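Visitor: I should like to go through this structure step by step, by question and answer. Please set it out before we begin.

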Amino acid sequence: MTSPAPAPALTQDELKAQVGLAALDYVVKGEIVGVGTGSTVNKFIDALATLKTQIRGAVSSSVASTERLQALGIPVFDSNEVEELAVYIDGADEIDGRGYMIKGGGAALTREKIVAAQSRRFVCIADSSKLVNTLGAFPLPVEVIPMATQRVIRQFARLGGQAQVRRKDGAPLVTDNGQHIVDVTGLRITDPLGFETEVNQWPGVITVGVFARQRASVCLLGTSSGVRTMRFG
Ligand SMILES: O=C(CO)[C@H](O)[C@H](O)COP(=O)(O)O
């Protein structure tokens, strides 16, 4: 007897579309949904448009996502207008087996953490390349007030990390909040909760891209053999 042929490998774009669609199952009808930022979330937003008459709208974590939602006719609410959201759907740069994440590759980490914090559930959508044993291979984004960037870079050097200010079009990138991003390499983050707590206390740091307190409740991981659902306690 011949064994069945392996499933054809899907492209990263197809894996993102697969989890973007699967996330619709977590959207609560009649409610406002929290929406993250990035290429995977863009697939989710496109899929969400098919449900737009069944939801009240969205709270968005970035100008880019707001523009995409509104272009598709999905109303966007200010986060201050909504006390609690049933669910927040967002991507990640890395996620580990406990639901801890590195986020901020799209420079939206501060607003992402705010919307995640006001949501009862965080559903992470990611292709399988994002699953890691230990956080830290992806350069860790940290949003910093511009006058503190060099001091923060020196503090990371003391922890053994190499940090630099993210640039765009020849100048420091400016976030939706008017701040800068420092990206840090060379760290292995074995204690995400402790690390997040420590770095958040450094003067000038607005948000560190380790999501430990706002970790994922569920991760929908795109693989060539289908969506793998990981639940975290
Ligand atoms: O944290 C983020 C943006 O700040 C994104 O969720 C993260 O960078 C993943 O992006 P993508 O889905 O494009 O791989």
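**Helix α4, the sheets and the core**

Guide: In this predicted model, seven of the nine residues of α4 are buried, so the helix is largely enclosed by the rest of the structure.

Visitor: Which residues of α4 are the buried ones?
Guide: The threshold is 20 or more other C-beta atoms within 10 Å of a residue's own. Seven of the nine residues of α4 count as buried. They are Leu109, Thr110, Arg111, Glu112, Lys113, Val115 and Ala116.

Visitor: Which helices each supply at least two residues of the shell around the ligand?
Guide: The shell divides into four nonpolar, nine polar and four charged residues. Of the 17 residues around the ligand, Gly38, Thr40, Gly91, Gly105 and Gly106 come nearest. The helices that each contribute at least two shell residues are α2 (39–48) and α4 (109–117).

Visitor: What are the two domains, and which element gives the most to the side of domain 1 that touches domain 2?
Guide: The domain assignment divides the chain into domain 1 (12–132 + 213–231) and domain 2 (140–206). Their C-alpha centres lie 24 Å apart, and 12 residues of domain 1 are in contact with 11 residues of domain 2. By class, this side of domain 1 has six nonpolar, four polar and two charged residues. With three residues, the element that gives the most to it is α4.

Visitor: Where does the largest nonpolar core lie with respect to the domains, and which strand gives the most to this core?
Guide: Of the 54 residues in this core, Ile89, Cys124, Ile125 and Val142 touch the most other members. Domain 1 and domain 2 both give residues to the core, so it lies between them. The strand that gives the most, with five residues, is β7 (residues 119–127).

Visitor: Leaving aside neighbours within four places in sequence, with which residues is Cys124 in contact?
Guide: Cys124 is among the core residues that touch the most other members. The criterion for a contact is C-beta atoms within 7 Å. With sequence neighbours within four places left aside, the contacts of Cys124 are Asp90, Gly91, Ala92, Ile95, Met101, Ala216 and Cys219.

Visitor: Which strands stand at the edges of the open sheet of seven strands?
Guide: The strand order is β3-β2-β1-β4-β7-β15-β16, with mixed pairing. Each edge strand has a single partner, so one side of each is left without a neighbour in the sheet. These edge strands are β3 (76–77) and β16.

Visitor: How is β15 joined to β7 and to β16, and which residue in β16 is the bridge partner of Val218?
Guide: β7 and β15 (residues 218–223) run parallel and are joined by five bridges, with Asp127 opposite Gly222 in β15. β15 and β16 (residues 226–231) pair in the antiparallel sense over six bridges. These two strands form a hairpin with two residues between them. The bridge partner of Val218 in β16 is Arg231.

Visitor: In the open sheet of three strands, which residue in β6 stands opposite Ile95?
Guide: This sheet has the order β5-β6-β14, and the pairing is antiparallel. β5 (94–95) and β14 (210–211) stand at the edges, each with a single partner strand, so one side of each is left without a neighbour in the sheet. Two bridges pair β5 with β6 (residues 101–102). The residue opposite Ile95 is Met101.

Conventions
Residues are numbered from 1 along each chain as its sequence is written. This is a predicted model: local features need pLDDT of at least 70, side-chain atom pairs count only at pLDDT 80 or more; totals for chains, interfaces and linings use all residues. Two strands pair if DSSP finds at least two bridges between them. Helices (H or I, at least four residues) and strands (E, at least two) are DSSP runs, numbered from the N terminus. A residue is near a molecule or strand if its C-beta atom, placed from the backbone, lies within 6 Å of it. Ala, Val, Leu, Ile, Met, Phe, Trp, Tyr, Cys and Pro count as nonpolar, Asp, Glu, Lys and Arg as charged, and the others, Gly among them, as polar. A nonpolar core is a set of buried Ala, Val, Leu, Ile, Met, Phe, Trp, Tyr and Cys residues joined through C-beta atoms within 7 Å. A residue is buried if 20 or more other C-beta atoms lie within 10 Å of its own, exposed if 12 or fewer, and partly exposed in between; C-beta atoms are placed from the backbone. Domain bounds come from an automatic or database domain assignment. Two residues are in contact if their C-beta atoms, placed from the backbone, lie within 7 Å.
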